[in-house]
Amino acid sequence: MPIYTIIKYTAAYKSRWDRFVASLNGTYKGSKNTSFLFQRDFMEYHKDRFSDYSLLVYEEDKLLAVLPANQLDDTLYSHQGLSYGGLVLDAEIRLETVINIFEQVLKFLAQGGIHKLYLKIMPQFYQELPADELDYVLFLTEAQLVKVETAAVIDLRNPIPFHNSRKDGIRKASNSNLSIIETRDFSAFWNTILIPNLQLRHDTSPVHTLDEISTLANKFPYAIRQFNVINATNECVAGATIFETATVAHVQYISANEDRQKLGSLDFLFDHLIHSVFEDKYYFDFGTSNEEAGRKLNGGLQFWKEGFGARTRVQRTYVVSTSNHNLLKEVVV
């Protein structure tokens, strides 16, 4: 078997890590199941909240995989500051190599006192190339499925027509003298719409502060985009923050003022985003509508998203005992 070297990430590897997790952009150089979320500048905006334990896996001098992760006691997690994770794989990697790599990663963790590994798998529709090898090795290592969340996703190559309720909202907006702008200034949406709504309805705050989202957007200007709906007096009445990857436009934040039903502001906004701004993407992802770690579904929110033609894809989280690395021996016959 080839010799693999597993290295715990340090800042000395930043350049090599970032090159590896860059989008393929029509090449086969780099990783096939990646996202700008895996760039170190994104992962480390909240580094004070997590004990980073990310790994790089080499075969001789070739980087084959990375694992964005953080440690908590004797457990390693797909980085808990990210929406998804798992092994990020080289574009040309073969299944047998992934089996061998995962065996070595589990063994490395077990020897380091890590007993369990939680992996929040990147949904398939984010992959630039087929990359389901990890699903197979998790089956082989008897990983336990501990969470399933549902994402409302539009397949933009095979769209389902808008529901009449959404079309009614768009008609209302046409009579409401609204306009849509893309802006680099997040303050109006954050301060007048998003923060007040989250505090009022859920007694919570956005995952990202205004300073954090502004800093991240400056570092990733083509991936983090803000769209606001403006009324006749130039006030922000609704908005959406989009995280854009090679294949997906993902809605990170949605919110509108109390007149959203009367104005049709969100229907107007998403008609524009789906049919104009992101029409060339493969998928438009409204994100999850789950509560209680996937055990409950917000039916009203799900119904609203499905009104735009979104249907269900799932995101799975597994836990595997690192001692199960022995189950990967002699798999290939």
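Start with the second largest pocket of this predicted model: its lining has five nonpolar, six polar and three charged residues. Select Ala 22, Ser 23, Ser 35, Phe 36 and Glu 244, which sit nearest the pocket's centre among the 14 residues that line it. The volume here is about 200 Å³.

Now for an enclosed space. The structure has one cavity of 30 Å³ or more, and the largest cavity holds about 80 Å³ of space. To see its walls, select Asn 33, then Gly 85, Gly 86, Leu 87 and Leu 89, then Ile 121, Met 122 and Gln 127, and finally Ala 131, Leu 134 and Asp 135. Colour that lining by class and you should get six nonpolar, four polar and one charged.

Next stop, the aromatic rings. How many aromatic pairs does the count come to? The count comes to 27. One to pull up is Tyr 84 with Tyr 126: the ring centres are 4.9 Å apart and the planes are 45 degrees from each other, a tilted pair. Show the backbone as well, because Tyr 84 belongs to the loop between strand S6 (75–78) and strand S7 (88–89), while Tyr 126 belongs to the loop between strand S8 (116–120) and helix H4 (133–140). The pair therefore ties together parts that are 42 residues apart in sequence.

Last, bring up two helices: H5 (residues 164–174) and H9 (residues 265–277). Their axes come within 7 Å and cross at roughly 100 degrees. Crossing angles of 65 to 115 degrees count as roughly perpendicular, so that is how H5 lies to H9. Which residues of H5 meet H9? Show side chains for Ser 165, Arg 166, Gly 169, Ile 170 and Ala 173 on H5; on H9, their counterparts are Asp 267, Phe 268 and Asp 271. By class, the residues of this contact split into three nonpolar, two polar and three charged.

Technical notes. Residues numbered from 1 in each chain as written. Predicted model: local features only at pLDDT ≥ 70, side-chain atom pairs only at ≥ 80, totals over all residues. Heavy atoms only, no water. Axes fitted to C-alpha atoms, helices over the stretch in contact; angles between N-to-C directions. Helix = DSSP H or I, 4+ residues; strand = E, 2+ residues; numbered from the N terminus. Parallel < 35°, antiparallel > 145°, perpendicular 65-115°, else oblique. Contact = heavy atoms within 4.5 Å. Nonpolar A, V, L, I, M, F, W, Y, C, P; charged D, E, K, R; others polar. 1 Å grid on protein atoms, 1.4 Å probe; cavity = no way out; pocket = protein on both sides within 12 Å on 5 of 7 lines; lining within 4 Å. Points joined across faces, edges and corners; volume = space filled by probe spheres on them. Phe/Tyr/Trp six-rings, centres within 6.5 Å; stacked < 30°, edge-to-face > 60°.
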